[in-house]
Structures are given as structure tokens and as C-alpha cells.
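Trainee: Got a minute? I'd like to walk through this model with you.
Mentor: Sure. Put it up and ask away.

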Amino acid sequence: VDFLWLPAVLVFVFWRLWMYYINSKYIMSLDWVLLEIKLPREIAKTPKAMEVVFNGLHVVKGLNFFEKNWLGLTGSPWFSFEIVGIDGEIHFFARTQKFHRNLVESQLYAQYPDIEIVEVDDYAKTAFIDGFNRDWDCSGAEFKFTKDNAYPIKTYIDYGLHELSTKEEQKTDPMTSMIELLSTLKVGEQMWMQILIRATTKKWEEEGATLIKKILKEKEKSMPKPKE
């Protein structure tokens with residue numbers, strides 16, 4: 001009687017290992033390309049243009065049972081937008097699957113016709129070509145929300161960057177400190193910042209709606225009741 005639960009546990013463990021295996025195999029099979037985005041000296045655009053680019057990359061991929069549980073597909077594709085400082089030089093990159101390369105380029109050119117996009121070698125690989133012959137001092141970190149995803153974060157609108165007519169003294173560019181830091185790197189020093197984006201799922205929206213209802217209920221309870 002004590003071992004009746006054993007088959008269920010084995011099935012559960014096997015299923016988790018199977019999903020890990022097929023998901024890993026699928027991700028390893030993806031064909032990626034790295035595109036460097038070369039900017040002109042000046043761009044007369046607000047960050048709203050980049051928001052339109054992100055909207056255009058909102059590619060939602062629905063999966064059937066066979067694709068998810070046999071082929072290991074993981075749903076909507078990932079895109080990575082990266083800012084990299086190498087020896088004091090600043091580079092902007094977009095990393096995407098080759099299948100979506102035309103989509104990324106068309107969205108960027110539509111909003112920024114003066115930029116130049118070229119395919120380049122992966123800097124993450126070339127940085128360690130001679131890694132066995134030298135000592136590296138490396139560190140990494142991952143940014144994480146301190147609250148649930150439904151809570152808002154500061155956007156370019158909060159920084160006064162949503163209108164070109166806004167006076168310069170009223171603008172606060174949140175990228176300035178990062179760009180300044182990257183430009184001060186010495187020869188042999190590198191700093192990478194990678195931002196992964198992916199289309200949201202319905203589950204994410206439902207979790208956000210549930211949290212909002214909870215906050216509203218707590219707010220109603222905390223409000224003082226009118227005197228009779």
C-alpha cells in the first residue's frame with residue numbers, strides 16, 4: 001500500500017524530464033543572427049518610435065498539443081535588444097532568429113530610415129576566443145521587478161521624452177548615465193546589457209487583472225466610512 005504512489009511520482013518525474021529535454025533540444029536548434037544597428041549622429045525621434053517597433057514585434061505563436069509536448073516548441077519567439085560597450089566604444093545590437101530577421105529590419109527601418117543595419121559576428125563568442133590564455137574578471141546580474149508585473153514602472157513619458165517640443169531643460173534622459181559609463185571603459189574592458197522581449201500571454205493579463213481587483217478591494221476596505 002505504501003508504494004501505490006510510486007507510479008504516479010515516476011510518471012511526473014519522467015514528464016518533467018521529457019519536457020526539459022525536448023524544450024532544450026528545440027532551443028538549441030534555433031538559428032540566431034546578430035544585427036548591429038548603426039545610428040546617425042542625431043535622430044529627431046521620441047522613444048514613441050521605439051514603442052511602435054516593439055508593438056510590431058508582438059508575435060504571438062499558439063501551440064497545439066503535438067508542437068508543445070512532442071516537438072518542444074516554447075511559444076512566442078524571443079528578441080534581444082542589446083547595448084554593449086567594448087574598449088570604450090558603444091554598440092547597439094538586435095538578436096533575433098533568422099526567420100524573423102526581415103520583420104526586425106522592416107520595423108526598425110520604418111521608424112528610423114537613417115540607420116544602418118548589418119549582420120555581425122557574435123561579440124559574446126569573440127570576446128573569449130583567447131579565454132584559455134588569459135585571466136578574466138567577470139561578473140553578471142539580472143534585473144528583477146520588486147513588485148508584481150502589473151505594477152507600472154517609469155516610462156519615457158515620466159521623463160518628459162514623449163514630445164519633441166518639450167523643452168530640453170525639462171527632459172531627463174534615463175539612458176545618459178548608462179551611455180556615459182560605457183564610454184569610459186578602458187581597452188580590454190567590456191560591459192553588456194541585454195533586454196529580452198517576448199509577446200505577453202493571456203495568463204499574464206489574467207494575473208494582472210486579478211491583482212488589480214485585489215488592490216481595489218483593499219483600497220475600498222481602507223477608506224474611511226462616511227459618518228451617519
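**Salt bridges, core and surface**

Mentor: Start with two charged residues: Arg 95 is buried, and Asp 122 is buried too. Bear in mind that this is a predicted model.

Trainee: How do the side chains of Arg 95 and Asp 122 meet?

Mentor: They meet in a salt bridge, at 3.0 Å from N to O. Arg 95 sits in strand E3, while Asp 122 is in the loop between strand E4 (116–120) and helix H5 (123–126), so the pair ties together parts 27 residues apart in sequence.

Trainee: Which residues are linked with them in a network?

Mentor: Glu 82 joins Arg 95 and Asp 122 in a network of salt bridges.

Trainee: How many salt bridges does the structure hold?

Mentor: There are 6. One of them pairs Glu 105 with Arg 101, at 3.1 Å from N to O. Both residues lie in helix H4, 4 residues apart, which is about one turn of the helix.

Trainee: Is Glu 105 buried or exposed?

Mentor: Buried, because its relative accessible area is 14%, and the cut-off for buried is under 20%. Arg 101 has 24% relative accessibility, so Arg 101 counts as partly exposed.

Trainee: And where do Glu 51 and Lys 48 lie?

Mentor: Both are in helix H2, 3 residues apart, again about one turn of the helix. Their side chains form a salt bridge at 3.7 Å, N to O. Glu 51 is partly exposed at 28% relative accessible area, and Lys 48 is partly exposed at 42%.

Trainee: Switching to the core. How many residues does the largest nonpolar core have?

Mentor: It has 14. Leu 57, Val 104, Leu 108 and Ile 115 have the most contacts inside it.

Trainee: Which elements each supply at least two residues of it?

Mentor: Strand E1 (32–38), helix H2 (48–56), strand E2 and helix H4 (101–111). E1 gives the largest share, 3 residues.

Trainee: What about nonpolar side chains on the surface?

Mentor: There is a nonpolar surface patch of about 830 Å². Its residues are Phe 3, Trp 5, Leu 6, Val 9, Leu 10, Phe 12, Val 13 and Leu 17. Trp 5 falls in the segment before helix H1 (6–29). For context, nonpolar side chains in soluble globular proteins tend to be buried together.

Trainee: How far apart in space are Phe 3 and Glu 189?

Mentor: They are 58 Å apart, C-alpha to C-alpha, and 186 residues apart in sequence. Glu 189 is in the loop between helix H6 (176–183) and strand E5 (190–198). Glu 189 is partly exposed, at 35% relative accessible area.

Trainee: Which residues form the negative surface patch?

Mentor: Asp 148, Glu 205, Glu 206 and Glu 207. Glu 206 lies in helix H7 (residues 202–222) and is partly exposed at 45% relative accessibility.

Trainee: Where does Ile 212 lie?

Mentor: Ile 212 is in helix H7. Its relative accessible area is 45%, so Ile 212 is partly exposed. The C-alpha atoms of Ile 212 and Lys 38 are separated by 41 Å, with their positions 174 residues apart along the chain.

Trainee: Last topic, the backbone. What is phi of Asp 87?

Mentor: It is near 55°, a positive value in a residue other than glycine. Most residues other than glycine have a negative phi.

Trainee: Where is Asp 87 found?

Mentor: In the loop between strand E2 (78–86) and strand E3 (89–97). Asp 87 counts as partly exposed, at 37% relative accessibility.

Terms used
Residues numbered from 1 in each chain as written. Predicted model: local features only at pLDDT ≥ 70, side-chain atom pairs only at ≥ 80, totals over all residues. Heavy atoms only, no water. Patch = residues over 30% accessible without salt bridge, like charges linked within 9 Å, V, L, I, M, F, W, Y side chains within 5 Å. Areas by Shrake-Rupley, 256 points an atom, 1.4 Å probe, with all protein chains shown as cover. Salt bridge = Lys/Arg side-chain N within 4 Å of Asp/Glu carboxyl O. Lys, Arg positive; Asp, Glu negative; His and termini not counted. Charge placed at Lys NZ, Arg CZ, Asp CG, Glu CD. Buried < 20%, exposed > 50% of the residue type's maximum accessible area, 1.4 Å probe, protein only. Core = buried A, V, L, I, M, F, W, Y, C linked by side-chain atoms within 4.5 Å.
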